[in-house]
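Please take a look at the sequence and the model below. A short report on selected features comes after them.

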Amino acid sequence: MRSPAWNRRKQSARRVWGQLRSDRAAMFGLVLLALFAAMALSAPLFADRSELQAVAGRDNPDLAAPSGKFWLGTDEIGRDVFALVVWGARVSIYIGLLATVVAVFVGSLIGLVAGYAKGWVSRVMLAIDDFFLVLPFIPLAIVLALLLGRSPTIMALVIGGTFWAGGARLVRAQVLSLRERGYVERATALGASSRHIVTRHVLPGVAPLIIANASLIVPGAILAESTLAFLGLGDRFSPSWGKVLEGAQSSGALTLNAWWYYLPPGLCIIGIVLAFTLVGNALQRIFDPRLIDR
Amino acid sequence: MSAPILDVRDLHVTYASTRGPVPAVRGVSFRLDPGETLGLAGESGSGKSTMTMALLRLVPAGTTTTGSIILAGEDVMAMKPGRLRAVRWAEAAVVFQGAQHVLNPVQRIRRQIQEAIDTHRGANRVDDLLEQVGIPRWRAGAYPHELSGGQKQRVMIAMALACDPQLLIADEPTTALDVMVQAQVLQLLADLQRDRGLAMIFITHDLSVLSTVADRLAVMYAGRLVETGPAKEMLRGAKHPYTKALAAAFPTIGDMSSRMAPSGLAGDPPDPAAVPSGCTFHPRCPLATQECATTTVELHEISARWEAACLKL
Amino acid sequence: MSQVVTTPLLQVSGAKITYPSRWRGGMPLHAVDGVDLSVSSGEVVALVGESGCGKTTLARAMLGLQPLTGGSIAFDGSPLPKSRAGLRAYRRKAQLIFQDPSGSINPRQSIYEIVAEGLRIHHERADEQQRVADALSHCGLRPPEQFFLRFPHELSGGQRQRVVIAGAMVLQPSLLVADEPVSSLDASVRGEILQLLLGLSRDRGMTILVVTHDLGVAWNIADRVAVMYLGRIVEVGTTEQIMAAPKHPYTKALLSVVPEHDRMEPQILTGETPDPTHIPSGCRFHPRCPLYQSGEAERLGVAQACTSDDPKLVDGVACHAAHR
């Protein structure tokens, strides 16, 4: 009978939304996110993608201050900074989301196995998790990026592949706790297989935790990508905000006081990280594992 | 007749909750004489724990308490905070339910008992107290987790006696214990009471336990007293249908009428937030009639010092 | 009329469950130390004892949730399966009701899902809704449809216990093991749950093993009683025999301290049950045994045996004095 499960999910979703709505900070974050999403989606309306390429013989002034034609001025090779920022939204958000999906997927899987399995399997998973937790992310990312390439997708995979460890820990802790619950033992007594227990009892118990955690990984991934871009990785001609910032820095925009070049991407990064963090914190409070069993 | 150690009149205790005010105790009156043991019987939602907490104004913030509580001649409701603190533990002490959760797990029991003594500048010594409750002196340095359930309960009793109170309130002291350990603790309480002339309120949902400890019995249901009277007589032949049901829930072994015939009531104890109209027991009562649902019943006298709240009596 | 000897439904022989010590050089914990018990089809047996005696551990072993370190358990003539598939099939026939009804149900599942879980695990989809309704109805939750979409926190403790029992019933097992089925419930609700269990035995011929510390429960519903002390059964017999004429000093002491049991002088034992890591030599009860302490055992000439020989369960009692 599908309806009780469906009903319950609807009830839960409604309750979560209600709690979110009453959290002012979270609503502010959501509004910000909506704005950034709008920015990313509407990029073609503002500027053509070709603006991002370096074209010889472009007659735009270099590093020009904002004017009626160029709302945010131009960069050192004459590209419209506004176009860069608006298209950069897509790259940054894409990398942030893809990295998160990878991190959450790998982390949850390993956390689940580490928490539910017993014996050497669990110990091995835990060891792998420990290893990735302490791995210095930047050197690894640089090496991987140099080996595998610089496209946004590769960047996202690299970041996701190193960011999963923290979430795995959380998931493992929660799974360990859920595994000992009375209703899990009852399911075993009824004859349930591990698969039934994991899908029916454990996963629904960790899902909220995973969601809350995911919303906090996104800003981390975006910041990580910005860092890597700043260090020289990333694509100049399909730049993320971090890459635009890097361009600003390497072209000396800071000393030349070309604020229209470094301020907008920097503010965007701060803005989106703030937005995700506000929403993520609110979700974490709502999905506090201690409240799971009401 | 000497003055009662505790005289409660028309006590009402109402909790504040998100769903609105919840009346947990709805007009309870009783008296307790020095050296007497009152057995207070009731189940979850009956208000018995709330009422005993209210006696020492230990209820959570936002709870309204009305009525009069006279403890050893003093009005508890009118006490200033300083006097109240002094009274708590030195005049009346509580042995809480579930001793294991009340003891501080990272402090040795010697220190916890000493704390109770020091707070009231008492003269007792920890070792003496432990001996009186049957714990060897050398165990004073133990942590709570090193003790068994029965021993922890004894430590709770020692703490309660630390300041020589005149009244001991024991809230379900033996509920989580095995029958043999329960017997030991009951024996201990009886001895202590005799030696110190303590008055005691013994709260439980197991009426058979009260047959050994209580002089008088008071049965609570949905925030009100439904029957009060002499313990032995009441247990032999209870008048109120609820008391009868409660007594039958724990059968007398050897009594053939309960052999292969468990007796119980239909339904569940009522939620204090949604109490049935009229006589609150009527939905579950085997004797209920139409008027029971519409008329509120008060306690009325059946015989000497024996009262019950039932229209059918 | 020739006597038909039927195989007992459940046969426990020499069961032992020992937990190794958690640290080096520590003593192992003998939770169950050699138990023989047989339960015939259709009867209600109460396994009585205080906390730490091993009754819950033994009950779980009967359901295959706890492996034995020694001895055997046979269900319907065959030993308990060890393979996953075997255990799964076994669990259709034997069910366990856990001690705390609130802890053993998932608060996020609706009542329907909780009761239907067993059916779904065993892939018995036919008539699922009808069977769930029947189970709930039989356990006193009527009309059952009203409960389908409710959640555990909306029900009282007694109702939750009924849901748990319904969840076990829906598979129509032949054996039901109930671990302290009424201990965490209000007094006025106990009767109905016990009536329900008794009804299952009488009307459906179900075999029930009740694990409890409460002798009153045994008096209410059990045909036979087995008394456990420190991992061993010290006395077993019909409820009437045990309650009216106990033979083992431990049983006598237990009965004597049950409140309202006026017939016997209360014999409050000193001290507490010893740790299962330090089981006394000889008869495990002798350090607390009133017969031994008072010198009665000496007079009967068994005191020596009490300290050196472990008494076997003979004629339903494991006591040297009673064997004389």
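The report covers one chain as a whole, then a sheet, its helices and a helix pair in another.

## Chain A overall

This is a predicted model. Chain A has 12 helices and zero strands. Its pattern along the sequence is therefore α throughout: α-α-α-α-α-α-α-α-α-α-α-α. The C-alpha trace of chain A spans about 75 × 40 × 30 Å along its principal axes.

Chain A counts 294 residues, and 49% of them are buried. Its exposed area is about 14200 Å², with 67% supplied by carbon and sulfur atoms. Contacts in chain A often link distant parts of the sequence: of those between residues at least 6 apart, 74% join residues at least 24 apart.

## The sheet in chain C

Chain C holds an open sheet of six strands. The strand order is S6-S7-S8-S3-S9-S10, and the pairing is mixed. Two strands stand at the edges: S6 (94–97) and S10 (232–238) of chain C. Each has a single partner strand, so one side of each is left without a neighbour in the sheet. From one strand to the next, the twist averages 15°.

Strands of a sheet pair through backbone hydrogen bonds, in either a parallel or an antiparallel way. At one edge, S6(C) and strand S7 (residues 175–179) of chain C run parallel. Four bridges join S6(C) to S7. Within this pair, C:Leu96 stands opposite C:Val177 in S7(C).

## Helices on the sheet

Helix H6 (residues 157–169) of chain C lies across S6 and S7 of chain C. The helix runs at about 170° to S6(C).

Helix H7 (residues 187–204) of chain C also packs on the sheet. This helix touches strand S3 (44–48), S7 and strand S8 (207–212) of chain C. The direction of H7 makes about 155° with that of S8(C).

## The H3–H4 pair

Helix H3 (residues 111–121) and helix H4 (residues 128–138) of chain C cross at roughly 115°. Their axes come within 10 Å. The crossing of H3(C) and H4(C) is right-handed.

Which residues in H3(C) meet H4(C)? They are C:Ile111, C:Tyr112, C:Val115, C:Ala116, C:Leu119 and C:Arg120. In H4(C), their counterparts are C:Glu128, C:Gln129, C:Arg131, C:Val132, C:Ala135 and C:Leu136. By class, the contact of H3(C) with H4(C) has eight nonpolar, one polar and three charged residues.

Notes:
Residues numbered from 1 in each chain as written. Chains lettered and ligands numbered in written order. Predicted model: local features only at pLDDT ≥ 70, side-chain atom pairs only at ≥ 80, totals over all residues. Heavy atoms only, no water. Pairing = 2+ DSSP bridges. Axes fitted to C-alpha atoms, helices over the stretch in contact; angles between N-to-C directions. Contact = heavy atoms within 4.5 Å. Left-handed = near helix turned anticlockwise from the far one by under 90°. Nonpolar A, V, L, I, M, F, W, Y, C, P; charged D, E, K, R; others polar. Buried < 20%, exposed > 50% of the residue type's maximum accessible area, 1.4 Å probe, protein only. Areas by Shrake-Rupley, 256 points an atom, 1.4 Å probe, with all protein chains shown as cover.
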